[in-house]
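This note is offered as a guide to reading the structure shown below. Please keep the sequence and the model side by side while working through the numbered points.

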Amino acid sequence: MTGRTKRSIPLPPLAGRAADSAESCVGLDAVVSMGDSYISGEGGRWQGNGAVELSYRSRQGSAFGTDRAAFNCTGSGKDEVCDHDPKRVYGETASGNEMCHRSDLAPIKSIGDILGILAERRFNIACSGATTADVTDNPFKGEEPQVKQLAKITSQHNVKYVVLSIGGNDLGFSEIGYNCVVGYIGNKPCSTKGHADIAEKTRGIRERSATRSKRSGPR
């Protein structure tokens with residue numbers, strides 16, 4: 001989406017700390033993803049787009065096989081009925097106070113594969129619904145600001161990359177998307193209103209997120 005900030009920030013190796021034995025300690029390599037639902041993997045619940053009517057009955061099925069949270073299905077098509085458990089995709093972040101929707105197919109998984117970093121050192125601290133302020137300053141959904149979480153990770157690991165995607169919620173992307181769809185259906189011409197405002201907000205998002213994230217890296 002226009003205006004979204006996505007950055008890959010390579011960080012310097014974690015400096016060795018003198019232990020009681022005067023020996024140098026360096027953490028193991030790790031990667032971190034932070035930001036909003038775009039990178040938390042919220043879309044990982046779906047493995048395609050099913051041509052499903054937005055009705056109660058159709059949502060009770062597997063969305064024609066695309067809903068990975070569906071199981072124990074009976075029937076077919078619009079008459080299909082399934083059990084649903086989002087934890088099959090999002091684990092403990094599927095419900096409750098957090099609901100960050102960090103999926104098993106989040107981009108951090110493939111990044112770790114490329115770099116050869118083990119799964120337990122691929123840290124996904126992104127959270128669905130997060131804004132730039134939730135990354136830099138504010139507690140969100142029961143968790144510390146993401147930069148504080150990042151600081152804790154970098155104090156224990158040699159973080160090779162931090163991948164950040166943020167900005168959509170700052171800009172109100174859901175409202176923008178809704179208005180685009182309604183306008184398209186109503187055969188209304190595209191509007192250039194708001195382009196300058198979005199561009200200005202995007203510059204601010206990039207500056208705040210990059211500066212604050214780098215400050216939270218290894219000292």
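1. Two strands pair when DSSP finds at least two bridges between them. Strands themselves are DSSP runs of at least two residues, numbered from the N terminus. With these terms in hand, the hairpin of E5 and E6 can be described: six residues lie between its strands, and Gly75 there takes a positive phi near 80 degrees. The strands concerned, E5 (residues 70–74) and E6 (residues 81–84), run antiparallel and are joined by three bridges. One residue pair to look for is Phe71, which stands opposite Asp83 in E6.

2. The model is predicted, and the general picture should be read with that in mind. The protein has nine helices and eight strands. Of its 219 residues, 39% are buried. Among contacts between residues at least 6 apart in sequence, 64% join residues at least 24 apart.

3. Strand E4 (residues 29–35) deserves separate attention. How many of its seven residues are buried? Six of the seven are, so the strand is largely enclosed by the rest of the structure. As general background, side chains in a regular strand alternate between the two faces of the sheet.

4. E4 pairs with two strands that should be located in turn. Seven bridges connect E4 to strand E8 (residues 158–166), and the two run parallel. Within this pairing, Met34 stands opposite Leu164 in E8. E4 also runs parallel to strand E7 (residues 122–124), to which three bridges join it. There, Ser33 has Asn124 of E7 as its bridge partner.

5. The structure contains two disulfides. A disulfide is a covalent bond between the sulfur atoms of two cysteines. If the bonded cysteines are numbered in sequence order, the pairing reads 1-2, 3-4.

6. One disulfide joins Cys73 to Cys82, with an S to S distance of 2.1 Å. Is this disulfide right-handed or left-handed? The torsion about its S-S bond is about 115 degrees, so the disulfide is right-handed. Its two ends may be taken separately: Cys73 is partly exposed, with a relative accessible area of 35%, whereas Cys82 is buried, at 7%. The cut-off behind these words is that a residue is buried under 20% relative accessible area and exposed over 50%, with partly exposed in between.

7. The other disulfide joins Cys100 to Cys127, with an S to S distance of 1.9 Å. Its S-S torsion is about -80 degrees, so this disulfide is left-handed. The pair links distant parts of the chain, 27 residues apart. Cys100 lies in the loop between helix H3 (87–90) and helix H4 (107–115), while Cys127 lies in the loop between E7 and helix H5 (132–136). Both Cys100 and Cys127 are buried.

8. The last point concerns internal space. Rolling a probe the size of a water molecule over the atoms shows where empty space is left. A search of the whole structure finds one cavity of 30 Å³ or more, and about 30 Å³ of space lies in the largest cavity. Which residues line the largest cavity? They are Arg102, Ile125, Cys127, Asp134, Phe140, Glu143, Glu144, Gln146 and Gln149. By kind, this lining divides into three nonpolar, two polar and four charged residues. Cys127 therefore appears twice in this note, as one of the residues lining the largest cavity and as the disulfide partner of Cys100, in a disulfide that is left-handed because its torsion is about -80 degrees.

Key. Residues are numbered from 1 along each chain as its sequence is written. This is a predicted model: local features need pLDDT of at least 70, side-chain atom pairs count only at pLDDT 80 or more; totals for chains, interfaces and linings use all residues. Side-chain values use heavy atoms; hydrogens and water are left out. On a 1 Å grid over the protein atoms alone, a cavity is a set of points where a 1.4 Å probe fits but cannot get out, and a pocket is an open set with protein on both sides within 12 Å along at least five of seven lines; lining residues have an atom within 4 Å of a point. Grid points are joined across faces, edges and corners, and a volume is the space filled by probe spheres set on the points. Ala, Val, Leu, Ile, Met, Phe, Trp, Tyr, Cys and Pro count as nonpolar, Asp, Glu, Lys and Arg as charged, and the others, Gly among them, as polar. Helices (H or I, at least four residues) and strands (E, at least two) are DSSP runs, numbered from the N terminus. Buried means under 20% relative accessible area, exposed over 50%, partly exposed in between (1.4 Å probe, protein chains only). A disulfide is a pair of cysteine sulfur atoms within 2.5 Å. Contact means heavy atoms within 4.5 Å.
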